Amino acid sequence: MTITQFNIASASWFRPELALTAGILLLFLLDVLVRKQSRYRVAVLTVAALACVGVAAALLAFQPVESRAMFNGMIASDPFATFWKWLFLGAAALTVLIAARSDEFPSPRIGVFYALLLSVVLGMFLMATSLDLLMLYLAIEMVSLPSYAIAGYKPGDRRAAEASLKYVIYGGVASGIMLFGLSYIYGLVGSTNLTALGVRLESLAAPASAGGQLGLRVALMVAVIFVLCGIGYKIAAVPWHMWCPDVYEGAPTPFVAFLSVGPKAAGFALAVRVFYSFLASGGGPEGFARGLADVPWPAVVGVLSAVTMTLGNLSALHQNNLKRLLAYSSISHAGYALMGLAAASQLGVQSVMIYMLVYLVMNLGAFLAVIAIAQATGSETIADCNGLSRRHPLLAVTFAVFLFSLTGLPPLAGFVGKWYLFVAVLSHYAGDGGAWYVTLAVIAALNTAISLYYYVRIIRAMFIEAPAGELVVRPRVSYQIMLGTFSAALLLFGVWWNPLIEWTQASLTFLTRG
Amino acid sequence: MNYILPGPSLLDKLAFIVLASAVLGFGLLTVTRKSAVTALMALIGACCALAGLYATLSAHFLAVLQVLVYAGAIMVLFIFAVMIVNRDDEQPIALRGLFLRAAGVLGAGYFFYRLAWIVVRERRADVLATSITLPIPEYGNVASIGRLLFSDFLFPFEAISLLLLVAVVAGVLVARPPRPTPSGDRERVA
Amino acid sequence: MRITLGLDSTSLSRRYPRLAILATLFMAFGLPLGLYVAALAVFPLNTPERLDAMAEQWLGYDLAGSPYRYIVYTAFLLLVAFIAVNYTAVFGGVSTWVERRVAGRMQSRIGPNRPGAAGFLSWVADAVKMILKEDTIPAEADHLLFRAAPYFSMVGLLLPFVVLPFGEATVVTDMNVGVFYVAAASAFVVVGILVSGWASNSKWALFGGIRGAAQVMSYEIPAGIAMMVPVLMAGTLSMQGIVRAQGGWPWQWFVFQNPAAFVAFFIAVTASLAEGNRTPFDLPEAESELVAGYHAEYSGFRLAIFLMVEWANMWIMAGLAVTLFLGGWQVPGYGAEDYARLLGTGLLPAPGWFGLQLLSMLMFVVKTWALVFVFIWLRWTLPRVRVDQMMSLCWKYLVPGAFLCFVVTLVWQLLVPPAGVAFTGYALTALALFVLAKFAVATRRNISKVAGHRVDLGNW
């Protein structure tokens, strides 16, 4: 009896998610009810989608802030999760606004897109809050399944079909491997609860005999690597990044913009939770560098981070398609953000949060600029940017702002994000393995220089090359407003970043081991 | 103390050996057969043998579901897909080249050896038994599973129902032919 | 010179008419009855505890502590399985004869009447002929799968017999997941159909296989949900539990206990007809379109297996419906306490118990045969549906209908008091009797309209 009450009692901390669920169902219904020929169809559906997000946001704002595990320890409600929820809702609202005025979503099919988008958002909510291996897997599937469908959204388009199929196959393999790892963890430890796992694993780590210890370590290590595979696939870190460019190229651009920030951020939220709860062993606020099964997991993540950013940047160098270029750039950004995880400290987590927040704005902005260019020229290569500064100065300037911010140049917000990542890594300078952290930071700095090269290629095309023909570039008014707002925000928070720091600082409490 | 069986008897051991080797054998067939349909049939065999293993562990409900859902529904859908695609000329093993194959086999072999060590040599009680809560007496029957589903695991249970709904709609979105747009019927629905 | 095998029944029965009648009687009643008695004798003993006790008492042998106990148990299980398999085969054979005779009657022709009395032995002759035929495998077929496919169907047919209760004590084993188990086991039949269609490497067979798979997969859903209605009413998935929750009199059957169950019964029967590929849902083997569908390339014994599965499946379909909705083996006027009283406490039950058991088996068999007759009538009355009709019937009518029944049953269980349930039982029983009477009168009138026909047994 008490257990059921616990379930019902939890629902009052679950209202934003309930609002999203209701919104999904409502949109499914509205999609059928509003006539396909109606002129107001897009407007009605867009308003409905925005209203759902708005209601969820309002409920989130009035939700009590204290941390608690809900639904018998399945998911958590804590300030950390709330931070990510705000981020996801923001990304969703902006994507809805972008998609409403995009050419890629014909009005008969836009309702389903909104509904699926909201279900992805719900899945991301669950990813950021899950406290149980079961929920973790379920949440990842909830994000993945609708994404597969939206990636193949354009009917009869070969690239879209390829994107969808590749996404499904990579996703299926990744989640299959992750499930396999989860089953090993459950078999070895006997619990699926993240908060219990860490404690159990520590007690297991007590040495028995050399052989058994080694066997246990190998089994756990393989299991954890399998689990990391599922998470790494979501954030597009390197061994699991192959789907990224093809999917970005084939999927509708507004959704790609969302995909590059939303699920990635959710993946990081999940990674932080998993990492803190059982990978890195406890003991002191900064002292979890030596982790599970005597494997220095922060070092593993550090290597992943270095490889990811280097490979992403090097592959981006010779891309001519803007979406593919941004895909590789998003891979390298995942690498940067992994630095914060590798730092394995409060500061590291905070830097990841700041970076994801800033990345949301600048990457959405960059994709918005690509959409605007593609709407005018019909394709999305670097050559399409030629002479953009003369055809539409606002678009060119804001795109340049986004690209510089992505590079991490001051005085833009991208610099703040990167600065905190570097600080988090370099604060280990004096500690154990300080040299490795310094190496990581040096690699990241070199990568920033590399990335400057390909970002500047676009900027050079926009400002120096002559326009190819007499093409009129006139982005929609709502896009112009959004472009302006995004770049203003990047400039503002590039010089006045206190609110970011305070907000993330306040959101740092979260449920880890019981 | 073990609630499930009064100790592994000869028959239990025999059943386990037969079923486990069936799972492994069918699994090997699945990954080595060139013909996709034959591989799928082997997979069905593996699923059924797995269901048998569940049944020997007193998880009858799970065993039946394993057959009903996997061997029955999902595998039939797989066969459908394979029949429609029907490409028998594909190399069944993804890892090409001697080096990768050797590395894969060695790595898997080492991992298996270590796992086997835990189970066979060590019998680490703390890993294998005490850390796992012992099953309740009515373990595995429908009522106990139902009770768990509607108490401890209510939330994932409900979340899955939403997930399935969304997946159905997503599937329809991908599969349905494009409909005529309001600007003019370029494509007609058959 | 004319070579007559012993089975050239025409000459045999002409020469020894008494022999033919005796053989017929033996095959028609002796064989099934023998199987029933064997089942009654063996099935209830099929528990390790009872076997242990019997060995202890009669042989003075400590079976429970013996190293050979599992061999004995397994031997007993094999005996049980042997009886069940034989019963399946005999039923499959007999039902082909019944079907052909009924079809002949309905189409104003005679039907098979040569071997044995009333042509009864024709199913034996058919079986022998099939076994003697050459077993061909097409050169381009997938040999392994082609040969494996009939066994899938066979397994799918035989597995449900494990939980199908023939009587109060006559069930191989009463699983706590019985209904689910039947649904799962019948999934193998699909695999058999699909694989035989694919492995034959023939267009007709492939079409048949794909149609069959689509049909069976689709109709599994309404069938499964409709079967959940009695599960809800009984509160258990075990087949025996469901039968025990009903009573012997018609108004105590689940089908009449609430209106939703009444509807669910028809949904379940329709869906199981489709699952068993019976006309009007015989699309996978539609002779007029696909030659013979999924088994077009089969011959000899393998074909015999497919055909046997097809007919014997009727027993499963009808038996399941009887168990879930029509009171199963419940004998009117006898309750659980009567069985317990007659069973006594001794090692062997009293003779009266065996009598009651036979009665309960008889109840089940009579009800099931009645339903089988209905299936046969349906086959020779209704035309085959088209593929699109088959799909729309399932997804647009049966699935929502089954869900509705499910929900209504839930509400009914919660809200309606026992008196209301009893009243519904009487009312629906009366309604059913009324419809049956009308049906009988109408049938009689139709027959008498055709030139003063009467039921003519002259050509038997």
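The following exercises, with worked solutions, concern nonpolar cores, chain B and a chain contact.

The model is predicted: local features need pLDDT of at least 70, side-chain atom pairs count only at pLDDT 80 or more, and totals for chains, interfaces and linings use all residues. Residues are numbered from 1 along each chain as its sequence is written, while chains are lettered from A and ligands numbered from 1 in the order in which they are written.

**Exercise 1.** Determine which helix gives the most to the largest nonpolar core.

*Solution.* A nonpolar core joins buried Ala, Val, Leu, Ile, Met, Phe, Trp, Tyr and Cys residues through C-beta atoms within 7 Å; buried denotes 20 or more other C-beta atoms within 10 Å of the residue's own, with C-beta atoms placed from the backbone. The largest such core has 199 residues. Helix H14 of chain A (residues 346-377) gives the most, with 22 residues; helices are DSSP runs (H or I, at least four residues), numbered from the N terminus.

**Exercise 2.** Describe the secondary structure and burial of chain B.

*Solution.* Chain B contains seven helices and zero strands (E runs of at least two residues). Of its 190 residues, 24% are buried.

**Exercise 3.** Characterise the side of chain C that touches chain B.

*Solution.* First, 19 residues of chain C are in contact (C-beta atoms, placed from the backbone, within 7 Å) with 20 residues of chain B. Next, H8(C) provides the largest share of that side, six residues. Finally, the side divides into 18 nonpolar residues (Ala, Val, Leu, Ile, Met, Phe, Trp, Tyr, Cys or Pro), no charged (Asp, Glu, Lys or Arg) and one polar (the others, Gly among them).

Technical notes: Buried ≥ 20, exposed ≤ 12 C-beta atoms within 10 Å, placed from the backbone. Contact = placed C-beta atoms within 7 Å.
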